[in-house]
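Hi everyone, thanks for coming. Have a look at the structure on the screen, and I'll walk you through a few parts of it.

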Amino acid sequence: MINNSIAYSLLFSIAKGDVFGKDQPVILVLLDIPVMMGVLEGVVMELQDCAIPVLREVIATDKEEVAFKDLDVAILVGSMPRREGMERKDLLKANVAIFKSQGAALEKYAKKTVKVLVVGNPANTNCLIAAKSAPSIPKENFSCLTRLDHNRARSQVAMRCGVPASHVKNVIIWGNHSSTQYPDVHHCKVNMSGSEVGCFEAVKDDAWLKGDFISTVQLRGAAVIKARKLSSAMSAAKAICDHVRDIWFGTAPGEFVSMGVYSSGNKYGVPEDLIYSFPVEIKNKTWKIVNDLPVNDFSRSKMDATAAELVDERDTAVTFLGE
């Protein structure tokens, strides 16, 4: 949905080669609802007016059979936002209808190798519904965005240590893209004056790392809305670019990133059949959960709490799938 500041921020970055590389020709296919087609035409004009060398074509449509045909990558940004007075189950029901339809369109029209990133909230459960609605596309091809939370966590640690964000690696976002998510720095490394040290040693403030740091990352989206009167757009678009670029080109040796992925086969006791955010390494466009990290009791309780929320969301959403 292009009447969405995330999508608007995202298009320029993809078109100019920030995601797939400066030499990779790109065709952008933009899907929106019929009433927004006039606005979408204006966005197409702007993209044309950028005169970007690798942007070969921009297709604007309100038809799923056009939008999803032969896709290599699908980024599902739009979803039904929660409105005042709306019950959570009503929100889930509305989004099940959207992502069931988009999953079915992927099943029917997209390449079976398509990589699908779900951004629209509730992202984890929307992603699961889309995956269930496209049974012939491998579950591993679906992921949801927790990279924004991952980037927020990196940035908080970097600012606390007085280093660039690039000096902080291997933070983890466990679980749901919601306020129950668990930002974990027990395996995080910080480059301080040329040598890598553990995050707790670098920050030297355990109370902050186990308290305000976690709540700051969990509630950052709400804090942005309160300040800006709009939800995160620039930072969300950057996170989408980071997420898709890592799928395309892989993660650096010794580094992992956070992605909401299919939980089957994990060794952390997370229930099966969820889209849950784990630390992953990516090679040859294929992610693998980093399955051998020790988990202490503090982390375990937080990982379990966010899993319980996701099980509840899934079970509610699945009841609407047959309708």
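Before I point at anything, a word on what I call a helix: here helices are DSSP runs marked H or I with at least four residues, numbered from the N terminus. And please keep in mind that this is a predicted model.

Okay, so let's start with L92, which sits in helix 4. Is L92 buried or exposed? It's buried, because its relative accessible area is 3%, and the cut-off for buried is under 20%. Setting aside neighbours within four places in sequence, L92 is in contact with P122, T125, E313, T316 and F320. If you go 25 residues along the chain from L92 you can get to L117, and the C-alpha atoms of those two are 18 Å apart.

One of those contacts, T125, takes us to the next helix, as it belongs to helix 5. Now, generally, a pair of packed helices is described by the angle between the axes and the distance between them. So how do helix 4 and helix 5 cross? Helix 4 covers residues 88-109, helix 5 covers residues 123-132, and their axes come within 8 Å and cross at roughly 40°. That makes helix 4 oblique to helix 5. The crossing is right-handed, by the way.

Which residues do the meeting? From helix 4 you have L92, N95, V96, F99, K100 and G103, and across from them in helix 5 are T125, N126, I129 and A130. By type, the residues of this contact split into 5 nonpolar, 4 polar and 1 charged.

While we're in helix 5, take a look at N124, which is also placed there. N124 is buried, with a relative accessible area of 0%. Not counting residues up to four places away in sequence, N124 touches C144, G175, N176, H177, I275, Y276, S277 and L310.

Now for the nonpolar cores. The largest one has 71 residues, and L106, F142, V157, V190, F213, F278 and V280 are those with the most contacts inside it. Take V280: beyond its neighbours within four places in sequence, its contacts are T251, F256, V257, M259, V261, W287, K288, I289 and V290. Apart from that core lies another, of 31 residues, with L11, M37, L47 and A237 among them.

Last stop: G221, in helix 10, residues 220-228. G221 is partly exposed, with a relative accessible area of 21%. G221 and S5 are 216 residues apart in sequence, yet 15 Å apart in space, C-alpha to C-alpha.

That's my tour, thanks!

Technical notes
Residues numbered from 1 in each chain as written. Predicted model: local features only at pLDDT ≥ 70, side-chain atom pairs only at ≥ 80, totals over all residues. Heavy atoms only, no water. Axes fitted to C-alpha atoms, helices over the stretch in contact; angles between N-to-C directions. Helix = DSSP H or I, 4+ residues; strand = E, 2+ residues; numbered from the N terminus. Parallel < 35°, antiparallel > 145°, perpendicular 65-115°, else oblique. Left-handed = near helix turned anticlockwise from the far one by under 90°. Contact = heavy atoms within 4.5 Å. Nonpolar A, V, L, I, M, F, W, Y, C, P; charged D, E, K, R; others polar. Core = buried A, V, L, I, M, F, W, Y, C linked by side-chain atoms within 4.5 Å. Buried < 20%, exposed > 50% of the residue type's maximum accessible area, 1.4 Å probe, protein only.
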